[in-house]
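Here's a quick tour of one pocket and a few strands. Have a look at the model first, then read on.

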Amino acid sequence: IPDFRGSEGVWTRNPVAELSADIVSYLRDPELRARAWLARRDNPARGAQPNAGHLALVELERQRSVRILTQNVDRLHVRAGSSPRKVLELHGNMFEVVCTDPKCGWTGTLDGVLARIEAGEPDPKCERSGGILKPATVMFGQQLDPEVIGRAAQFARASAVFLAVGTSLRVHPAAGLCEVAVAAGADLVIVNDEATPYDELATELIREPISEALPKLVGELSRVSSATAQAATEAEVSGGSDGSGGS
């Protein structure tokens, strides 16, 4: 799946495509919406499979208390096996569709809307209210769900290690979670192929591809956990063997 802002990103190569992610432009331009629906139909994320990075986080969840705060809208973390209740979709998801009429509240599936496009509707409207439809993603010009970002900040403050993976850390408020975590005492590890505004706060910077870096990181964290558990067991045994009743 190509990224948006990297050197070969979708928006870098085609700046006009970025307009389809702007809510004001999207609502006022039916031709832009028609192009956007075709782009969603052809989006490789619809058929993508989890990679080694996603699977590494599934393994990490088996070892530690993990929360995934994702800006991605492809739901690959859940499809990889991460617990749905432990995945916060900060920017929503691309597989559901909502009506933009605030009085309506209709929701449906992307596949259902794409079927209408294939049947000849270039810019399908809500069948309940006639309102404009959009994917259940947070577009530029829209606010993140305050409950979701609030929970994300709580998890950031409670974290011991905060991994920022595959993100330019330029979109707020999500990017600011790094600073929230560090201020609360977490170690920040950034895995990204380019520099980010938060690099100076990081305990470690990793420029390797995500599918290579995350399995290595999880393996290292597993070794640390095993060593810590062994040391605690040895200390307990040692403390109890001299009659002192160590705990």
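## Strands and a pocket

Val165 sits across from Val191, a residue of β7. This is a predicted model, by the way. The strands behind that contact, β6 and β7 (residues 187-191), run parallel and are paired over 5 bridges. To get from β6 to β7 the chain passes through helix α8 (residues 177-183), making a right-handed β-α-β crossover.

Which side chains of β6 are buried? Along this strand (residues 161-165) they alternate. Phe162 and Ala164 point to one face and are buried, while Val161, Leu163 and Val165 point to the other face and are not.

Here are the two strand pairs side by side:

| Strand pair | Sense | Bridges |
|---|---|---|
| β6 and β7 | parallel | 5 bridges |
| β3 and β5 | antiparallel | 4 bridges |

In the antiparallel pair, Cys99 has Leu133 of β5 as its bridge partner. As for cover, β5 is mostly tucked away, with 5 of its 5 residues buried.

β5 also turns up in the second largest pocket: along with β2 (87-89) and β3 (92-99), β5 (133-137) gives two or more residues to the lining. That pocket holds about 330 Å³ of space. Which residues lie nearest its centre? They are His91, Gly92, Ala136, Thr137 and Val138, out of 20 lining residues. If you're thinking about chemistry, the lining of the second largest pocket breaks down into 9 nonpolar, 6 polar and 5 charged residues.

Conventions:
Residues are numbered from 1 along each chain as its sequence is written. This is a predicted model: local features need pLDDT of at least 70, side-chain atom pairs count only at pLDDT 80 or more; totals for chains, interfaces and linings use all residues. Side-chain values use heavy atoms; hydrogens and water are left out. On a 1 Å grid over the protein atoms alone, a cavity is a set of points where a 1.4 Å probe fits but cannot get out, and a pocket is an open set with protein on both sides within 12 Å along at least five of seven lines; lining residues have an atom within 4 Å of a point. Grid points are joined across faces, edges and corners, and a volume is the space filled by probe spheres set on the points. Ala, Val, Leu, Ile, Met, Phe, Trp, Tyr, Cys and Pro count as nonpolar, Asp, Glu, Lys and Arg as charged, and the others, Gly among them, as polar. Buried means under 20% relative accessible area, exposed over 50%, partly exposed in between (1.4 Å probe, protein chains only). Two strands pair if DSSP finds at least two bridges between them. A crossover is right-handed if, with the strands pointing away from the viewer, the path from the first strand over the helix to the second runs clockwise.
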